[in-house]
Amino acid sequence: MDGLNKGLRKVEIAVRWDPSPAGQPSTDLDLVAATYLADAPHGDPAYVVHFDSRSPDGTIILNRDSKDGQGFGYDEVMTLELDRLDVRYARVVVGVVIQQRPAERTFVSVSNPGLRIREGYTVLAEDDFGGVLGATAATVAEFTREGSGPWEFRSGLRGFVGDPVDFTTTMGAAQHP
């Protein structure tokens, strides 16, 4: 049956959080996706999609962007149409960044954060960022494929401390045990 496996096709990544208490600066979480070429899957990203951008071919889109966590349900939503992504891309890494203006923040100061990754109605992963409380950003998902084969998903949070711009350049670096 492996020959019939189409792998992941269209994935939604969603983040939610509650607004900051009255009198406190707003909390702004941002979804970020970086694509990597097959010949450099852990090198520099081919391109990065974030709050003011989308992928050149329209396969990765930020559907919803919140600057304060106000609203019902999930505040930031990103769609990855992996089945349409060109074969030259072999890896996509998705992360969540906490904007550091006007105050420095880590996940411990974000009220009621949540993450959901799903394909259609199938939930692939959920998390509350409890494992990265001291981080200013975190990778939340990795999608990989071999050649033109099916896309596979690896979940798991990996925290990052530092500037959000630095995070986008290092989020896909090879992991060392």
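Helices (runs of at least four residues) and strands (runs of at least two) are assigned here as DSSP runs and numbered from the N terminus. In those terms, G69 has its place in the loop between strand 4 and strand 5. The structure discussed in this report is a predicted model.

## Overall architecture

The chain contains one helix and 10 strands. Read from the N terminus, the order of elements is β-β-β-β-β-β-β-β-β-β-α. The radius of gyration is 16 Å, close to the 16 Å that the globule rule gives for 177 residues, so the chain is as compact as a globular protein of that length. Along its principal axes, the C-alpha trace spans about 55 × 30 × 30 Å.

Of the contacts with a separation of 6 or more, 68% are accounted for by residues 24 or more positions apart. Buried residues make up 44% of the 177 residues. The chain exposes about 9,300 Å², and carbon and sulfur atoms supply 49% of that area. The chain carries 17 positive and 26 negative charges, and the mean positions of these two groups are 5 Å apart.

## The nonpolar cores

In soluble globular proteins, nonpolar side chains tend to be buried together. In this model, the largest nonpolar core has 34 residues, and those with the most contacts inside it are I13, L80, V92, V94, F107 and F143. Several strands each supply at least two residues of this core, among them strand 1 (10-16), strand 2 (29-37), strand 5 (76-81) and strand 9 (137-144). Which strand gives the largest share of this core? That share, five residues, comes from strand 6.

Apart from this core lies another one, of nine residues, including V32, F160, F167 and M171.

F107 illustrates the surroundings of a residue in the largest core. Leaving out residues up to four places away in sequence, F107 touches L29, V96, I98, F129, V132, L133, A135, T136, A137 and A138.

## Four buried residues

A residue counts as buried when its relative accessible area is under 20%. The table lists four residues with their values.

| Residue | Relative accessible area | Class |
|---|---|---|
| Y36 | 0% | buried |
| L82 | 1% | buried |
| G69 | 3% | buried |
| T144 | 14% | buried |

Y36 lies in strand 2. Beyond its neighbours within four places in sequence, Y36 is in contact with P41, G43, D44, P45, A46, R88, Y89, A90, R91, V93, M171 and G172. One of these partners, Y89, is 53 residues from Y36 in sequence, whereas the two C-alpha atoms are 5.7 Å apart in space. Another partner of Y36 is M171, a residue of the nine-residue core.

L82 lies in the loop between strand 5 and strand 6. How does a loop residue come to count as buried? The relative accessibility of L82 is 1%, and the cut-off for a buried residue is under 20%; L82 therefore counts as buried. Apart from neighbours within four places in sequence, L82 is in contact with L8, R9, V11, V92, F143, R145 and W151. L82 and F143 are 61 residues apart in sequence, and their C-alpha atoms are 8.6 Å apart.

G69, the loop residue named at the start, touches W17, D18, P19, T27 and D75, not counting residues up to four places away in sequence. The C-alpha atoms of G69 and V15 are separated by 9.4 Å, although the two residues are 54 residues apart along the chain.

T144 has its place in strand 9. With neighbours within four places in sequence left aside, T144 is in contact with A90, R91, P150, W151, E152 and R154. W151 is thus a partner of T144 and also a partner of L82.

## Two residues with positive phi

N112 has a positive phi of about 55° although it is not a glycine. N112 is found in the loop between strand 6 and strand 7. Is N112 buried, partly exposed or exposed? At 44% relative accessibility, N112 counts as partly exposed.

F129 is likewise a residue other than glycine with a positive phi, near 65°. The place of F129 is in the loop between strand 8 (122-127) and strand 9. At 0% relative accessibility, F129 counts as buried. F129 is also one of the residues that F107 touches.

Definitions and conventions: Residues are numbered from 1 along each chain as its sequence is written. This is a predicted model: local features need pLDDT of at least 70, side-chain atom pairs count only at pLDDT 80 or more; totals for chains, interfaces and linings use all residues. Side-chain values use heavy atoms; hydrogens and water are left out. The radius of gyration is taken over C-alpha atoms; the globule rule is 2.2 Å times the number of residues to the power 0.38. Buried means under 20% relative accessible area, exposed over 50%, partly exposed in between (1.4 Å probe, protein chains only). Contact means heavy atoms within 4.5 Å. Accessible areas come from the Shrake-Rupley method with a 1.4 Å probe; for residues, only the protein chains shown count as cover. Lys and Arg count as positive and Asp and Glu as negative; His and the chain ends are not counted. The place of a charge is taken as NZ of Lys, CZ of Arg, CG of Asp or CD of Glu. A nonpolar core is a set of buried Ala, Val, Leu, Ile, Met, Phe, Trp, Tyr and Cys residues joined through side-chain atoms within 4.5 Å.
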